[in-house]
Structure formats: structure tokens, C-alpha cells
Amino acid sequence: MTSACFLAGTTAALIPAAGSGTRLGMGPKAFVQVGGKSLLERSVAALVGLVDEVIVALPEGMELPAGVAARAIVGGQTRQESVERLLHATSADMVLIHDAARPFLPESVVLALLEAIPETGAATVALPVADTLVRAAGAGGDWGELVTREGLWAVQTPQGFRRELLLEAHAKAKAEAHAATDDAGLIARLGGRVRLVQGDARLFKVTTAGDLALAEALAKDVDGQWLMVDGEKQP
Ligand SMILES: Nc1ccn([C@@H]2O[C@H](COP(=O)(O)OP(=O)(O)OP(=O)(O)O)[C@@H](O)[C@H]2O)c(=O)n1
Ligand SMILES: C[C@](O)(CO)[C@H](O)COP(=O)(O)O
């Protein structure tokens, strides 16, 4: 039984961490460290204790850092393939799919997601878009057309599912050679209801160097490494 106790049956956290981090350019991104801990270590630590097991998909030839409370499998050539392999590596009733690249995962968000899954069997964290959006003109560089942000949400992870439901959606996507960038969309494309759960700005995905700088700063705060002088945080 999960310590969260929202769900009947067992729950597994499945962490796709087999990416090459091309846009960051520092090698396998899950192993990049912020504040002395890898993105992977931070993502696993945020889930251990809230689920019954944690499984990580790693690049071929790589191993989990010592002390990480999870087991590892070899990931696929795409995130979609890595998740499919993770789904087949567990018999849990419910699964949480969480990018290792989103290392700052508040417990409150995990609990809210776990509570949302039973209604439809599929839920994802997401944030309402707060910026003005524009579609660039041509190859980019110039303002093209305004895109209304009304009703738009930016999808984050974790995403939570009845495992059988997501297995079926992945199988259909594979049979139809449909490539997707996330998992909830695979359920929605088949007409399944997906609950949107309020995410958190701290759940940003470390994708580029700018994100890494933000992650370094947040890691200091999260790890309580800020020096406080007269009530002010000092870097
Ligand atoms: N074949 C892959 C590709 C991606 N991922 C994982 O999926 C998450 C989101 O992917 P992304 O942020 O795009 O990571 P990368 O693919 O490593 O980045 P890039 O696209 O810049 O190469 C990451 O935790 C990444 O490790 C994975 O498990 N298997
Ligand atoms: C799954 C995801 O994090 C939801 O926003 C996103 O789609 C991953 O995209 P990436 O290009 O694989 O980083």
C-alpha cells in the first residue's frame, strides 16, 4: 500500500532518464549535477516514500548513482520508447511518469496528482500559461501572429495513470507509428479524459543552459544552503 493511501493497489514511479541532453550539451542530462546532486537523484528522492517502487530508464551502459532507492532498466531511442519499456518493467496498478529533467517536485503536487487519477485513470500536472504567446513569422525572428493564451496550459510532469490504460495507449500509438512528446496526450488522442492538476513553477524542465542556472539557484534554496544575513538570503 502506498504511503499516500489514495489508491487501491500498488503505485510505481517511472522515471525516463535515458535522454542525451542535446540541447544542454553536457552529456546525459539526468546525471548533470546541481548543488552537488544529479537531476536524477533529486527526482527519485522526491518520489521515494510516496510510491511502492521507483524504476528509472537510463542510457545504455550507465548505472544508477550509489544510494539511489530505485532500480534501473535500459531506455529507448525516444522518450516514448523509454516510457513503454518502463511500463513493461512493473506490474503496479498505477504509474506516475516523471521526467528526471524536472528535479524540483513538491510533495504536495505528487499527492494532488495521486488523488486525481482514480476519477478518469489519467491525470497530468500543468500550469496555466501566464505569458503572452506569439507564433513567429516564417523561420522565426519576427512577430507573426498572437496566439490567445485563454484556456492554454503548459503540460509538466509527473503524469499519472492506471497502468493498463497507458499500456493500451502506447500500444496503439506504436501500431499507428504515432510519435508523442508526452503520455497524457496518448490517452487524449483516443478520446480518454485526462484531468489537469495544478502544477508548480518549480517543476520547470532543465533543457538549456539558462534552465541549469535557475536550477542551481533553486537547489541552494531547496537544500537550505542560502546564507541568511539579517534575514536576507546571501548567495
Ligand atoms: N530516449 C529518451 C529521451 C528522453 N528521455 C527522458 O525524457 C525526459 C524529457 O526529455 P528531454 O528533456 O528532451 O531530455 P533529452 O532528450 O535528454 O534532451 P534533448 O532533447 O535536449 O536531447 C528526460 O528526463 C529524458 O532523460 C528518455 O528517458 N529517453
Ligand atoms: C513530457 C514533457 O515534459 C511534458 O511537457 C515534455 O513533452 C517533454 O518534452 P521533451 O522534448 O522530451 O523534453
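**Close-up views of a predicted model**

**Figure 1. Strands β6 and β10 lie side by side in this predicted model.** Strand β6, residues 94-97, runs antiparallel to strand β10, residues 153-162, and 4 bridges join the two. To find your place in this pairing, look for Val-95, which stands opposite Phe-161 of β10. Helix α4, made of residues 163-175, packs on the sheet here, and it touches β6, β10 and also β7, residues 122-128. The direction of α4 makes about 115° with that of β10.

**Figure 2. Stepping back, 7 strands make up an open sheet.** Reading across, the order is β5-β4-β1-β6-β10-β7-β11, and the pairing is mixed. At the edges sit β5 (71-74) and β11 (195-198), each of which pairs on one side only. From one strand to the next, the twist averages 30°. As a reminder, strands of a sheet pair through backbone hydrogen bonds, either parallel or antiparallel.

**Figure 3. Strand β7 pairs with β10 in one sense and with β11 in the other.** With β10, the pairing of β7 is antiparallel and extends over 6 bridges. A handy residue pair to pick out is Thr-124 and its bridge partner in β10, Gln-159. With β11, the pairing of β7 is parallel, over 4 bridges. Here you can look for Ala-126, whose bridge partner in β11 is Gln-198. Is β7 enclosed or open to the surroundings? Strand β7 is largely enclosed by the rest of the structure, because 5 of its 7 residues are buried.

**Figure 4. Helix α1 packs on the sheet.** This helix spans residues 39-47 and touches β1 (11-16), β4 (53-58) and β6. Its direction makes about 165° with that of β1. Since 7 of the 9 residues of α1 are buried, the helix is largely enclosed by the rest of the structure. The buried residues of α1 are Leu-39, Leu-40, Arg-42, Ser-43, Val-44, Ala-46 and Leu-47. After α1 comes Gly-49, which has a positive phi, near 95°.

**Figure 5. The largest pocket has a volume of about 940 Å³.** Its lining is made up of 38 residues, and the closest to the pocket centre are Gly-19, Arg-23, Thr-78, Arg-79 and Gln-80. Which helix gives the largest share of the lining? That share, 5 residues, comes from α2. Helix α2 (79-87), strand β10 and helix α4 each supply at least two lining residues. By character, the lining divides into 12 nonpolar, 16 polar and 10 charged residues.

**Figure 6. Arg-163 is a buried residue in helix α4.** The relative accessible area of Arg-163 is 11%, which means that this arginine counts as buried, the cut-off being under 20%. Which residues does Arg-163 contact, leaving aside its neighbours within four places in sequence? They are Leu-87, Thr-90, Ser-91, Ala-92, Asp-93, Met-94 and Val-95. Val-95 may be familiar from the first view, where it stands opposite Phe-161 in β10.

**Figure 7. Glu-115 is an exposed residue in helix α3.** The helix covers residues 107-120. Glu-115 has 55% relative accessibility, so it passes the cut-off of over 50% and counts as exposed. For a sense of distance, find His-98: Glu-115 and His-98 are 17 residues apart in sequence and 16 Å apart in space, C-alpha to C-alpha.

Terms used. Residues are numbered from 1 along each chain as its sequence is written. Chains are lettered from A and ligands numbered from 1 in the order in which they are written. This is a predicted model: local features need pLDDT of at least 70, side-chain atom pairs count only at pLDDT 80 or more; totals for chains, interfaces and linings use all residues. Side-chain values use heavy atoms; hydrogens and water are left out. Two strands pair if DSSP finds at least two bridges between them. Axes are lines fitted to C-alpha atoms, for helices over the stretch in contact, and angles run from 0 to 180 degrees between N-to-C directions. Contact means heavy atoms within 4.5 Å. On a 1 Å grid over the protein atoms alone, a cavity is a set of points where a 1.4 Å probe fits but cannot get out, and a pocket is an open set with protein on both sides within 12 Å along at least five of seven lines; lining residues have an atom within 4 Å of a point. Grid points are joined across faces, edges and corners, and a volume is the space filled by probe spheres set on the points. Ala, Val, Leu, Ile, Met, Phe, Trp, Tyr, Cys and Pro count as nonpolar, Asp, Glu, Lys and Arg as charged, and the others, Gly among them, as polar. Buried means under 20% relative accessible area, exposed over 50%, partly exposed in between (1.4 Å probe, protein chains only).
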